[in-house]
Amino acid sequence: MDAAGTLLASASDDKTVRLWSLPDLAPRGVLRIPIGPEAEGEIYAVALSPDGSRAFLAGFTGFAWDRSFAVYLFDVRTRRMLARLTGLPAPVQHLAVSRDGARLAAALSGRGGVRVWNAQTGQQLFAADNLGGPVRMVAYGADGRLAASSADGRVRVWDANHRLVAERTPVQGARPFGIAYSPDGSLLAIGFEDRLRVEVVGGADLLPRFTPDVTGLTGEGLPAVAWAHDGRGGVQLHAAGYARIPGMTQVRGQGAAAEGAAERRGIRLPAEGERGIAVDAARPAPSEPPPRRYLIRRWLDFGLGPSADIPAAGNAIAHLLALPAGGLAYAASDPGIGLLGPDGRVVRPSDPPGAEFTATGLDLAAAPDGLAVRFRLREGGQLLRFDAARGRLELSDGGEAMVGALPAGARLSVQEWRNTTRPRIGQRVLPLGSGEFSRSAAILPGDQGVLLGTDTHLRLFDAEGRPVAAVVTPAAAWGVVVVGGTAVAALGDGTIRWYDIAPTLAERAALFVHADARRWALWTPEALFDHAPAGGQELVGVHLNNARNATPEFVSFQQAYRALYAPEAVRARVAGDPTVGAMHLQRIGDVRARIGQAPTLAAGTLCAVTPAGCTPLSWTAREVPQDATALRLTLVATDRGLGLGPLDVMVNERIAVRGDLRTGDPVIEVPLDPGENRITTRLYDADRVLFAEGPSLVLRRPGAAQAPAGAGRLILLAIGVDAYADPSLNLRFAVADARSVADSLRGGAAGLFRETRLTLLTDREATRGNILRALAEAAETARPEDTFVLYLAGHGIRTEPDRRFLFLPHEADVSGGMDSLRRTGLDEDTLVAALARIRARDGFLFIDTCHAGQVTIDSLAAIGNETGRYLLAASTSVQEALDSYDDRNGVFAYAVIEALRGRAARDAEGYVSALAVGEYVTRRVPVLAAEKRHRQDAVFRTAQRELRSFHLVRVAP
């Protein structure tokens, strides 16, 4: 954390460091280092300079390239790597920066000891080697004093000149872990990883002062300690780790697994608790919402007063960090970050972002064909079923025909496979790596062998226990199922993955389901992906290393949407057919090479527009003047080989400005919403296959309330074209569909919106010019508190060779082929640019187009991804679309009208949300079409990073 308490950095085994603003814990960016297979790139430690401008990252980092370990230095604002501190003999377990920002200290595992560098130049200032055990933590006092805890049982203190001034074993036979200086530096608190005990000693001499009361705590240790202000002038002592509600048990082994993995890479780590916090494999996983069973004990009056236990996390608590304004932040193995207020209340729980399979992996089950899986995100949570063939996540009643984990067959069984290092078939021990723990097991069909899931691998053995094949997994496999030639595994990184079993173990696809059980992403090893209608494309991406001393390239699936979004290819890959994906990859070319050539976007000038002028701001600003109406900014683009395309500025996740930087660095004016404004920028390459993310910021007005939750207007633009200038294009139900949907929206607006403004353009009125004028009028009219809805009904085609969506207005000219259609049609670039000028906070795009099977789900979904709006579209052929469901409306419009009139889910007050409409229509359209003996689907997509729905209509009870 920086000295001001405005920026927090968190390190994770997922090989990233994430930046968060305080006190709201809003995401501020991600720092990425070069990574490799197995442990390479796992980050165990992070520290910020006092001014928050630089970050130091380390862990199992650099060994794959140098055969030694490294600390990486990053510029926080640009998120680019600045330098490396190399040559370390062991992984770094903890980092600390002195309070004046002059020195950086590192705690090394093994016998690596302590290292200290000049934090400005990188020059090594001090080394303490061979301390008798791995060093757990380092801490700086106010006067430059440095303390270190070690697994050899000792705590040491060096003065500002690096002279050892104190060395002591606080508790005989115990392993000290967490250390923290009191605010004035006179006291040092010591927590122990293997004891429920805290010692408070002198900050300079390490002589005992007192031992806080731990009566009533249950657990294995208190490795995390911190002093924190209570907001009223007092200082409280806190401790946490494995302390939990009585009655819970814990299974160890995760630390030993890390040791074994390290030994296989040629180094030695301590056997127990190397990372300090072991994953609790036996505890019940969180229910909905996750229960907080792990405790923070808080003692009043520097630890001398009475104590209180605060349930704070669902798993072990790894670290406590005092906040300057009072209270503290804590990191938990849920995984997650939480905040404790100055009064000791949890103000932000450490809820995990995805599945937690340590306890629920054994619930995993798969359909006989392997295409559907059943699981729980956490024990006590809802039973879910994901059907990869349909791309659908839904609740399960448990009645489906599914195959679960079978550790015993008719003739073959595996024993001692759960959380041990010696699983066996009969008396034959199945060989694992040094310190590797078995976590799950399944017998192959016909008792032909055994598949084990371990901390680091899936391992296949024949019926005699001989190794057949193995594949490295990105996390522990807590559940495995085998059906036919397919293996499915539930991993500790929150993913479910499909694998080929023969001719060798190889990954087919991976699924990540967000904790909200609505967003998900499904992808292949080649990085083709599918995602949930409610989002998910922002959750996963492609990481590409550059040089070992250069910042890697990373693009989320959202950034590479047009290239990598390929649902049919992904579903085929899950089924074991790679050919569809291979054809897609052949068409789009080498996307990985393109990622390295994508343009970059950097910050230029920035000011806030007020009645008095334009007030200069920095790109790290947190506030704008109360009367600011817009931002005026410039951005600097760099073409790295793919050319420059459109520039988008997003406000609160919707597109607000679409500009063009190819003419230089023009000034861009971005209107601001009331309340908080989350500003992000992105720049496309010339053919719009990828976009690069540019600078971002979160701005508030001092004392301003958040944007109003309702009471805005419904601004509705409905367009339907039956009668075309060219009669060969004529349709029958587009106008009726546009009118009917508009009437349903207007009818449901009463009591929800303060007024409805409807513009209806049909047939001869629906020209390209009139549509654009109507969109421009909506842009002039709309305010942030409003809701904007666009309904397009008519012909749509896909342009070639760029495969873009084109809506055909009344005057569409087909005589000149694609050239005349482009000239007279409404292309998606023009549509997106027009939508960018509409400031309504909430927006929904309905695209009900008839076509000849050319417009695919891919191109329709891409529009929703770019605009940040909800998008619901018909996807059908012209023959099917021409058939009315009830001689009044087409199938798609009929389903939309049903949803708006109350068939979609609604809350107790009768409100129907945008999310409910989308989900209902996608389920209903195939059913209605089947009644007419047609096949038709609907496409529902949203691209919001934080899923937020809004009300569309209110239905009377």
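Strands E21 and E22 are where I will start. E21 covers residues 235–244, and 5 bridges join it to E22 in an antiparallel arrangement. This is a predicted model, so please take every value I give as computed from that prediction. One of the residue pairs here is Ala240 with Ile296, the latter being its bridge partner in E22.

E22 also pairs with strand E23, residues 307–313, again antiparallel, this time over 6 bridges. In that pairing Ile296 stands opposite Ile310. So Ile296 is a useful residue to find on your screen: Ala240 of E21 is its bridge partner, and Ile310 of E23 is the residue it faces in the other pairing.

How many of the residues of E22 are buried? The count is 6 of the 6, residues 294–299, so the strand is largely enclosed by the rest of the structure. Both faces are covered. Tyr294, Ile296 and Arg298 are buried on one side, and Leu295, Arg297 and Trp299 are buried on the other. Note that two arginines, Arg297 and Arg298, are on that list.

Next, a helix. H4 runs over residues 567–574, and 7 of its 8 residues are buried, so H4 too is largely enclosed by the rest of the structure. The buried ones are Pro567, Ala569, Val570, Arg571, Ala572, Arg573 and Val574. After the helix comes Gly576, with a positive phi near 100 degrees.

Another glycine, Gly659, belongs to strand E51, residues 654–660. Is Gly659 buried or partly exposed? Its relative accessibility is 23%, and buried requires under 20%, so Gly659 counts as partly exposed. Setting aside neighbours within four places in sequence, Gly659 is in contact with Pro646 and Leu647. Its C-alpha atom is 8.2 Å from that of Val649, which is 10 residues away along the chain.

Now the aromatic side chains. The structure holds 19 aromatic pairs. In one of them, Tyr684 and Phe691, the ring centres are 5.3 Å apart and the planes are at 65 degrees, so the pair is edge-to-face. Both partners are buried: Tyr684 has a relative accessible area of 2%, and Phe691 has 3%. Phe691 has a further partner, since Arg682 lies over the face of its ring, 4.7 Å from the centre.

A second arginine over a ring is Arg32, whose charged end sits over Phe554 at 3.4 Å from the ring centre. Elsewhere, ring pairs link six residues into a cluster: Tyr791, Phe844, Phe846, Tyr870, Phe940 and Phe950.

Last, the whole chain. Its secondary structure comes to 14 helices and 65 strands. The radius of gyration is 30 Å, close to the 30 Å that the globule rule gives for 957 residues, so the chain is as compact as a globular protein of that length. Along its principal axes, the C-alpha trace spans about 95 × 80 × 55 Å.

Of the 957 residues, 60% count as buried. Among contacts with a separation of 6 or more, 57% are between residues 24 or more positions apart. The accessible surface comes to about 34,600 Å², and carbon and sulfur atoms hold 50% of it.

To return to the start: E22 pairs with E21 over 5 bridges and with E23 over 6, and its residues are buried on both faces.

Terms used. Residues are numbered from 1 along each chain as its sequence is written. This is a predicted model: local features need pLDDT of at least 70, side-chain atom pairs count only at pLDDT 80 or more; totals for chains, interfaces and linings use all residues. Side-chain values use heavy atoms; hydrogens and water are left out. Buried means under 20% relative accessible area, exposed over 50%, partly exposed in between (1.4 Å probe, protein chains only). Helices (H or I, at least four residues) and strands (E, at least two) are DSSP runs, numbered from the N terminus. Two strands pair if DSSP finds at least two bridges between them. Contact means heavy atoms within 4.5 Å. Rings of Phe, Tyr and Trp (its six-membered ring) pair if their centres lie within 6.5 Å; planes under 30 degrees apart count as stacked, over 60 as edge-to-face and the rest as tilted. A charge sits over a ring if NZ of Lys or CZ of Arg is within 6 Å of the ring centre and within 35 degrees of the ring normal. The radius of gyration is taken over C-alpha atoms; the globule rule is 2.2 Å times the number of residues to the power 0.38. Accessible areas come from the Shrake-Rupley method with a 1.4 Å probe; for residues, only the protein chains shown count as cover.
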